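User: I've got a model open here and would like to talk through how its inside is put together. Can you walk me through a few points?

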Amino acid sequence: MKSTLSLAILSSLGGAHAFWRMECRGRVGLARIDPLVDPGTLSHHVHSIHGSSGFGMSSTYEDLVNADCTSCAVLEDKSVYWAPSLYFRHEDGRFEEVGQEGGMLAYYFLFADRKDESKGIKAFPNDFRMIAGDSSRRNYSVAGLDYREPDPPMAAWAALGQTTQEALRQRAIGFNCLNYGKGENEATLWRHYLPEKSFIDQNCKNGVRFEIAFPSCWNGRDTSSPDHKSHVAYPDQLIDGRCPEGFDVKLPGLMFETIWKTYDFAGLPGEFVISNGDPLGFGYHADFISGWDANFLQQAVNQCRDPSGSIYACPLFTIQSEAEQRKCKMPERFSIASSEKVVGVIGNSLPGGVAIHRGPEPAGKAAAPAHQFVPVAIPNPPEQNDIPGGVFQEVEATSVQAVEAPEVPEPTPEVPAPTPEAPEPSDPPVPEGHELVRTDYVTEGRTLSKIVVIQTTETVLMTTETVTVTISPTANARRNTHGHHHNVRRHRHGHGAHH
Ligand SMILES: *[C@@H]1O[C@H](CO)[C@@H](O)[C@H](O)[C@H]1NC(C)=O
């Protein structure tokens, strides 16, 4: 991509299915905050939050773009990406936070509307906001199908009447059982429910990857809508395909992926529950506010169409290191009554007192939050500004500071001495000879292939001609605490070109 002249050639070479993987290796917080659904107040349930450190209960576009940092790789991206987190409910009723592996990936699929591909992709306007999924949903209702049955082939969806927005919304959710030692990987968005604990224990040795695709057809007018959904719609093949009437502007197709360390609970009696009280997964959802500059993003959409999907292949992007991504945390702290924890082993209810609801009828929104709370901004202590502490500190058994709450007339609580900040949890040792598993996508024609790359600390054992593995031995040495990865590489079903 040396000059704009080469653009036409590049797009004709397969740019029609360009995409990027936005890596967000850090997490800016784990907190009951959701500026879209519960602006200005504590949110119903806990979210895992990635992107701009300007995230808060009422973040504006200015807050996001003016923030000090982002937990994603591209400095020009001050967007925020958030989704519910995962808990494990022990047999005795205690809930425990499930750890997240390797931050998150936000895919940007640059797939034009099949009705008229010449229109290309329009960048998100500044402050564009949207939600995918429905937190209260507790059933799968596509065409009366059993949710355990695999989807019919995508090409048949329209004829089967399965391209309604209601159906597509349910198919936009995936729970991918990861087992890198097994022959085949599951396809992305293949299973639309969170499998049972016993299945996960037996099959998902490397955790469960939560996936959710956002609508990418836009009404071309509104940066949001009252429900943050009705200004956008899915194309008839979910990520690709034709946009419905009235939603004729194709945006980048976002898809989030987060991996949860369910294997930490292998063999323990209990069940996994999403933070919104959903043990089945149908109520999984995700939120996005664009913190890009729309003009910049448009340039990147037009120019950065490398088939590898690598953000490193886009000369416009300023990339920061993984260490920098991980350092980025929300500077603002919110005090919650000290009995509420969101990390480690917590009490006998989910944070926020959220009840488990199995459906099939939709879950009601919980009443008032179980704990009184007051948001309070506290300046960072000078020497600890990369350890926000409090509710956002991702260590076990965090104690949350109670702080003075000036807006509440009485009783004014005493301000206790600040809890000493725990040190950042030290990275687990590298299992002998191995390190990070990395997943990548390649596109070929209309086929997306997933590639998993595993390497020893010294040698890349397997890679492909289309994927650049740039993992340095030290940068990723922290993640793999379980050492049972194998040196393999594999692809999605039905795609043999790289085998
Ligand atoms: C299934 O979920 C939808 C959306 O929440 C709801 O409208 C419908 O009533 C539910 N079906 C049943 C049988 O409860």
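User: How many residues does the largest nonpolar core have, and which strand gives the largest share of it?
Analyst: Keep in mind that this is a predicted model. The largest nonpolar core has 67 residues, and Trp 20, Met 22, Tyr 81, Tyr 108, Phe 256, Phe 288 and Trp 292 have the most contacts inside it. Eight of the core's residues, its largest share, come from strand 7.

User: And the other core, how many residues are in that one?
Analyst: That core lies apart from the largest one, with Ile 33, Trp 82, Cys 328 and Met 330 among its members. Its count is 15 residues.

User: Is strand 14 mostly covered or open, and how many of its residues are buried?
Analyst: On one side, Gly 253, Met 255, Glu 257 and Ile 259 are buried, and on the other so are Leu 254, Phe 256, Thr 258 and Trp 260. Strand 14, residues 253-260, is thus mostly covered, and the buried count is eight of eight.

User: Which residue of strand 14 is the bridge partner of Ala 213?
Analyst: Strand 10 (residues 208-213) pairs with strand 14 in the antiparallel sense, over six bridges. Strand 7 (residues 100-111) also runs antiparallel to strand 14, joined by eight bridges, and there Glu 101 stands opposite Ile 259. For Ala 213, the partner in strand 14 is Met 255.

User: Why does Ser 310 count as buried?
Analyst: Ser 310 is in the loop between helix 5 (294-303) and helix 6 (322-327). A polar atom of its side chain lies 3.0 Å from the backbone nitrogen of Tyr 312. Buried means under 20% relative accessible area, so Ser 310 counts as buried because its relative accessibility is 13%.

Key. Residues are numbered from 1 along each chain as its sequence is written. This is a predicted model: local features need pLDDT of at least 70, side-chain atom pairs count only at pLDDT 80 or more; totals for chains, interfaces and linings use all residues. Side-chain values use heavy atoms; hydrogens and water are left out. Buried means under 20% relative accessible area, exposed over 50%, partly exposed in between (1.4 Å probe, protein chains only). Helices (H or I, at least four residues) and strands (E, at least two) are DSSP runs, numbered from the N terminus. Two strands pair if DSSP finds at least two bridges between them. A nonpolar core is a set of buried Ala, Val, Leu, Ile, Met, Phe, Trp, Tyr and Cys residues joined through side-chain atoms within 4.5 Å. A polar contact is a pair of N or O atoms within 3.5 Å; within protein, one must be able to donate a hydrogen and the other to accept it, and residues adjacent in sequence count only if both atoms are side-chain atoms.
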